[in-house]
Amino acid sequence: MSNLIEKRDAIVKEAMNCRIELIAYARSLIGDYSTAEDVVQQAFLVVFDKFEQFREGSSMLAWCRAIVRIEVFRLRDVERRERTLASRLLDDVITSAYEEFQTERSFTEAESWRRSLRYCLKRISERGRGVMRARFFDGLSYQQIAEHLGMKIEAVRKSLYRDKQKLRSCVEAKQRQGS
Amino acid sequence: MSDEDNSEDLIDLFLNDELDDDGKERLASLMENDTRIRQQFVESLSWDTEIWSALNDDPTTESVSLAQTVRLAPSRQNTSPSRGRSASVMLVITAGLFIAIGLYQIFDRTNNNLSMPNDLQSQQAPLSVARVTGLNGGLIWTGDRGQIVRNIKVGTELAGGTIEGLAPDSWFELQFHDDSTVMIAGSSLLTFGDDGQKILRLREGRLSANVSPQPPEKPMVINTRSAVLYVIGTQFDLEANLVSTDLRVNKGAVRFKRSSDGEEVVVNAHHQVTTDQDTTLRPMKIPNATYNWKSQLNGQSGNYGKWKPSTKGNSASLKAIPLVPPGTEVVLFLAGISVSRSGGSPVVVLPDAKFVLRGKLREETRVYFGIRVKHSNGEYAGMFRGDLNQLQPVSKTDEEGRFEAVYHLNQFVIDPVVLKTPMENAPSPAGLVLDGIWAFTHTNSPSGLEIFDVELLPSDN
């Protein structure tokens, strides 16, 4: 019995290490972070419930992604969201893309990378961070951000693009230093 | 503007929830056809999510909406603030399993019909657009609301969705409400929908269709990775893979558009065309039948198994992989080959023909062999086994494990798995067009079966 509990704990813990990756996938299918986060939360409960179905040696991320996918479908079903053929096609190809390119990272590797990101975020200008907060934290559209921050839509777009590039270079440089 | 620049804009619009259906189709098509764009999409979403997470973790982050007392974006209006939820999620991570157990207890899931990828239950399709009229082998249907159905039966009404053939012996016939039929065979993936206009997407595999007259302003549209077909009413075969789309029209006419350059051509009855030509699209008359065929293993899609390229001393081969036939707990090790028309000609099986299978085994065992055939108009004709009428002897191997097995056509009998289907099976494969072959072992463990080649010889002499 205790072996079973240990196994369950280990599997759930491993699944939780994939949380950000799973939210990224759910966000691709569902359209906003807030709901994506709820879906992933729900998926963790399924992992907890069905941990015995996980096959040792197989990819935890892939298994969890399949569960997230089902939870997304379930949510759409509950909300009776109609999907056009184009949306369904895009969902399929998005799922294939994640299967192909989303890879698992070790906890240590991911944490080191995220520390670098937090460090680099602080080096973005206050205005740039404001745009990022509005976009990612509040989930506002470009137009809404422009209205709220008194900017032109194109300026919002450029600011986000430029600052994301800066962040990327900064994180990569920091990671190189670390290694 | 290059595809990559274009894709960047499309991904940006998609993330901003500003992409209309045309844009989604365009993005889906770009992603399907270009590895770099698929990678770009995943990286872009991953970056955004990491930034979102880092901002959530940052205690100094203050909502623009809170700071300015402005309304949140519509998608967030009915949800609790992200910070609160994020904090609880982070607690879940830091407290790990304790919280998970707590959540588990809070949410009574005993009556919750949760299903898992391997454990999915059938559900009723919400709005039927077509009915299943024939099927065999492993198939999965994913409906437009995400319901996944594995135990599809003849007569099941389906809403739009995606049907996937999982094995070489899989085939599936669907009849729309106007009596138009489409059939997929082997490892194929087809998405279909009908909201007044039938729109299909054959991602890969083979499709035969018999289309009733469609309204001229709303033709049936079939998309593949490399072509778009507009069908008013006709009968044709279509084969699509990563690099090309081949169309053969048996009756009527089909408008065929090559996606790469937008070139269009009308393909009339008894003509064929392929996107795999560098020059102008030119429909050619379908040549007469051929009676010889030899497999060409080059990693082509549509085959079932693991392709192994040739190495020093070893021929290229297709290695058998596990297959669990639906409704059984039997594990077969199976390799299947889709029979492309030889130089565009249909491959016809003559009454005194024989199949020669060459391959490799880890240990001597029986190698079972089956074929699928169709009528010259592309309609399903039956599946036959070459090892049932007379028990196939154990295949003897040489010191390197190589073997050769011969299956005579006069020994082929109808495959028992198709007897229970309502589809009409021809009494014999003789005179019919070869569509696919497969070989398998049943040894309860990997047999190491690899196929080097399969040959159809017209005469038994």
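## Exercises on a predicted two-chain model

Chain B holds 6 helices and 28 strands. The model is predicted.

**Exercise 1. Find what share of chain B is buried, and what share of its contacts is long in sequence.**

Step 1. Chain B has 461 residues, and 42% of them are buried.
Step 2. Take the contacts in chain B between residues at least 6 apart in sequence; 59% of these join residues at least 24 apart.

**Exercise 2. Check the span of helix 9 of chain A against its residue count.**

Step 1. Helix 9 of chain A covers residues 153-178, which is 26 residues.
Step 2. The expected span is 1.5 Å times one less than the number of residues. For helix 9 that gives 38 Å.
Step 3. The end C-alpha atoms are 37 Å apart, so the two values agree.

**Exercise 3. List the buried residues of helix 9 of chain A and name the helices they pack against.**

Step 1. The buried residues are Val156(A), Ser159(A), Leu160(A), Asp163(A), Leu167(A) and Val171(A).
Step 2. Recall the helix geometry: with 3.6 residues a turn, residues three or four places apart point the same way.
Step 3. Within chain A, the partners of these buried residues are helix 6 (107-121), helix 7 (126-137) and helix 8 (142-149). Chain B contributes helix 3 (35-57).

**Exercise 4. Classify Lys13(A) as buried, partly exposed or exposed.**

Step 1. Locate the residue: Lys13(A) sits in helix 1 (residues 2-16) of chain A.
Step 2. Count its neighbours: 14 other C-beta atoms lie within 10 Å.
Step 3. Buried needs 20 or more, and exposed needs 12 or fewer. Lys13(A) is therefore partly exposed.
Step 4. Add a distance: the C-alpha atoms of Lys13(A) and Phe44(A) are separated by 9.7 Å, with their positions 31 residues apart along the chain.
Step 5. Check confidence: helix 1 has the lowest mean pLDDT among the elements of chain A, at 83, while helix 2 (residues 19-30) has the highest, at 93. Chain A as a whole averages 86, and 96% of its residues score at least 70.

**Exercise 5. Place Asp179(B) and His270(B), then give their phi angles and exposure.**

Step 1. Asp179(B) lies in the loop between strand 6 (171-176) and strand 7 (181-194) of chain B.
Step 2. Its phi is positive, about 75°, although Asp179(B) is not a glycine.
Step 3. Asp179(B) has 9 other C-beta atoms within 10 Å, so it is exposed.
Step 4. His270(B) belongs to the loop between strand 14 (264-268) and strand 15 (271-274) of chain B.
Step 5. His270(B), not a glycine either, has a positive phi of about 65°.
Step 6. His270(B) has 12 other C-beta atoms within 10 Å, so it is exposed.

Note on methods: Residues numbered from 1 in each chain as written. Chains lettered and ligands numbered in written order. Predicted model: local features only at pLDDT ≥ 70, side-chain atom pairs only at ≥ 80, totals over all residues. Helix = DSSP H or I, 4+ residues; strand = E, 2+ residues; numbered from the N terminus. Contact = placed C-beta atoms within 7 Å. pLDDT = per-residue confidence, 0-100.
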